[in-house]
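Colleague: Please take me through this model slowly, and tell me what stands behind each term as you use it.

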Amino acid sequence: MLLKDMRYATVLQPGQVWVSANPRVQRRIIIDVLKGSVLYRLGSQAMDAPPVALARSQFRRWIATQAARLADYDEASGQKVSPSAELGKRIQALRMAADLTQQQLADAVDVSRSAVAFWETGREGSLNKHLTLLARALGVTEDALLNGVAEEQIQTTLSPDERDLITLYRMLSPSRKLSAQKWLERQTNNSKLSLK
């Protein structure tokens with residue numbers, strides 16, 4: 001019963017890519033989410049193909065019957081899925097790290113609390129015109145806010161094997177990078193345990 005409740009609580013957002021457990025079933029890419037329906041296109045369709053409309057409940061039923069999962073990486077475009085959803089998560093994480101409520105952040109940026117909630121759920125709204133103030137209020141650069149990465153020149157000395165590891169790591173797909181990080185973390189934890 002808990003699984004059923006979690007499944008229907010799934011938030012559907014533009015940019016999401018849903019992949020069926022059955023490899024013969026095409027992935028569904030959400031174009032837009034309207035009041036009662038979801039507009040999507042199939043993975044084989046061209047980017048400019050007219051979207052298919054389906055009621056939200058029917059789209060969620062498809063997710064359940066296909067045991068579909070939300071992809072974090074779109075192989076076709078070579079990019080992360082739903083950049084606006086990623087940005088929303090980043091805004092929320094930075095706000096929480098700065099120990100700010102949505103209302104405090106809204107006051108700092110001179111918007112309503114609901115605007116901040118809107119941004120945090122991956123809907124950009126008027127984010128562009130508030131970007132500078134938002135980044136300042138969160139204590140990061142605009143680039144770090146948008147991309148999640150702050151580029152900074154750091155002087156460091158790497159051994160040849162460290163340089164090789166970094167080069168190999170950069171060649172991995174995002175999902176493989178995550179696997180590599182988890183493997184390294186396990187190895188580090190195992191070596192700590194063996195030292196005790």
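Colleague: What phi does Asp 110 take just after H4?

Modeller: Asp 110, just after H4, takes a positive phi of about 65°. H4 is called a helix because helices are DSSP runs of H or I with at least four residues, numbered from the N terminus. This is a predicted model, in which local features need pLDDT of at least 70 and side-chain atom pairs count only at pLDDT 80 or more, while totals for chains, interfaces and linings use all residues. Residues are numbered from 1 along each chain as its sequence is written, and side-chain values use heavy atoms, leaving out hydrogens and water.

Colleague: Which residues of H4 are called buried, and why do they line one face of the helix?

Modeller: Gln 102, Leu 105, Ala 106 and Val 109 are the buried ones, where buried means under 20% relative accessible area, with a 1.4 Å probe and protein chains only. Seen down the axis of H4, they fall within an arc of 100°, so they line one face; the arc is that of the directions from the helix axis to the C-beta atoms.

Colleague: What makes the largest nonpolar core a core?

Modeller: A nonpolar core is a set of buried Ala, Val, Leu, Ile, Met, Phe, Trp, Tyr and Cys residues joined through side-chain atoms within 4.5 Å. The largest has 15 residues, and Leu 105 is among those with the most contacts inside it. H6 supplies the largest share of this core, five residues.

Colleague: What is Leu 105 in contact with, leaving aside neighbours within four places in sequence?

Modeller: Its partners include Ile 91, Val 116 and Leu 134, contact meaning heavy atoms within 4.5 Å.

Terms used: Buried means under 20% relative accessible area, exposed over 50%, partly exposed in between (1.4 Å probe, protein chains only). Helices (H or I, at least four residues) and strands (E, at least two) are DSSP runs, numbered from the N terminus.
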